[in-house]
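User: Please take a close look at one part of this model and explain how it sits in the rest of the chain. I would like one connected account rather than a list.

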Amino acid sequence: MKKLEKLLKSGDASKLIYVPGGTDSASLYDHDYKEESKKAINLHKGTYQLAEGLLMAGLGGSVPAVFHSSENSDDAWGGEILGSYPYEDDLQMQDDLDEFWYDKVIPEIENES
């Protein structure tokens, strides 16, 4: 996060649009950097109009996953389930996706029409 703040304060970035992933710090999900710069936009559960008729939407995070080797059916990490954030299972992520899509994205698309 310090590298991101340094980039924003340096003036080298004209616009930074980011979506935090499942292994990113939990603080990135709620932080939008508006205090540091108007150049950074956190797109987790958000939208950004890139151009007229072109809307970018983001839903960050991941669900727990187990990596399987393509050579055999054994778990590559001894059966350990990889961590995730902020979703504990597929249903939780699907609920968030449905709410985001139908309550935020679709209305913005329809407003553009």
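**The salt bridge at K45 and its surroundings**

Analyst: The side chains of K45 and D96 form a salt bridge, with an N to O distance of 3.1 Å. K45 is in the loop between β2 (40-42) and β3 (46-51) and D96 is in helix α3, so the bridge ties together parts that lie 51 residues apart in sequence. The model is a predicted one, and what follows should be read with that in mind.

The two partners differ in their cover. K45 has a relative accessibility of 39% and therefore counts as partly exposed. D96 counts as buried because its relative accessibility is 16%, and the cut-off for buried is under 20%. K45 also has a backbone feature to note: its phi is positive, about 55°, although the residue is not a glycine.

The frame around this pair is as follows. The chain holds 3 helices and 4 strands, and from the N terminus their order is α-β-α-β-β-β-α. Of its 113 residues, 23% count as buried. Among contacts between residues at least 6 apart in sequence, 55% join residues at least 24 apart. The accessible surface of the chain is about 8100 Å², and 50% of that area belongs to carbon and sulfur atoms.

On the K45 side, strand β2 comes before the loop. I41 lies in this strand and counts as buried, because its relative accessibility is 17%. Apart from neighbours within four places in sequence, I41 is in contact with K15, L16, I17, Y18 and Y48. One of these, L16, is 25 residues from I41 in sequence, while the two C-alpha atoms are 6.2 Å apart in space.

Another buried residue reaches this part of the chain. Y29, in helix α2 (residues 27-30), has a relative accessibility of 7% and so counts as buried. When residues up to four places away in sequence are not counted, Y29 touches P20, G21, G22, D24, N42, H44, G60, G61, Y85 and P86. In that list, N42 falls within β2 (40-42), and H44 falls between β2 and β3 (46-51), in the loop that also holds K45. Y29 and V19 are 10 residues apart along the chain, and their C-alpha atoms are separated by 8.1 Å.

On the D96 side, the partner belongs to helix α3, which covers residues 90-112. L91 is also placed in helix α3. With a relative accessible area of 65%, L91 is exposed, in contrast to D96, which is buried at 16%. The C-alpha atoms of L91 and V63 are separated by 9.4 Å, and the two residues are 28 apart along the chain.

The count of salt bridges comes to 2. Besides the K45 and D96 pair, K104 forms a salt bridge with E108, in which the closest N and O atoms are 3.8 Å apart. K104 and E108 both lie in helix α3, 4 residues apart, or about one turn of the helix. This pair sits within one element, whereas K45 and D96 join a loop to a helix. K104 is partly exposed, with a relative accessible area of 33%, and E108 is partly exposed as well, at 27%.

Helix α3 also contributes to two surface patches. In the first, E88, D89, D90, D95, D98, E99 and D103 gather as a patch of negative charge. E99 of this group lies in helix α3 and counts as partly exposed because its relative accessibility is 49%. D96 is not listed in the patch; patches take residues that have over 30% relative accessible area and no salt bridge, while D96 is at 16% and is paired with K45.

The second patch is nonpolar: L97, W101, Y102 and I109 form it, and together they have about 390 Å² of accessible area. W101 is found in helix α3 and is partly exposed, with a relative accessible area of 36%.

To return to the part in question, the salt bridge has a partly exposed lysine, K45, at one end and a buried aspartate, D96, at the other. The lysine belongs to the loop between β2 and β3 and the aspartate to helix α3, so the pair links parts 51 residues apart in sequence.

Notes. Residues are numbered from 1 along each chain as its sequence is written. This is a predicted model: local features need pLDDT of at least 70, side-chain atom pairs count only at pLDDT 80 or more; totals for chains, interfaces and linings use all residues. Side-chain values use heavy atoms; hydrogens and water are left out. Patches are made of residues with over 30% relative accessible area and no salt bridge: like charges are joined within 9 Å, nonpolar side chains (Val, Leu, Ile, Met, Phe, Trp, Tyr) within 5 Å. Accessible areas come from the Shrake-Rupley method with a 1.4 Å probe; for residues, only the protein chains shown count as cover. A salt bridge is a side-chain nitrogen of Lys or Arg within 4 Å of a carboxyl oxygen of Asp or Glu. Lys and Arg count as positive and Asp and Glu as negative; His and the chain ends are not counted. The place of a charge is taken as NZ of Lys, CZ of Arg, CG of Asp or CD of Glu. Helices (H or I, at least four residues) and strands (E, at least two) are DSSP runs, numbered from the N terminus. Buried means under 20% relative accessible area, exposed over 50%, partly exposed in between (1.4 Å probe, protein chains only). Contact means heavy atoms within 4.5 Å.
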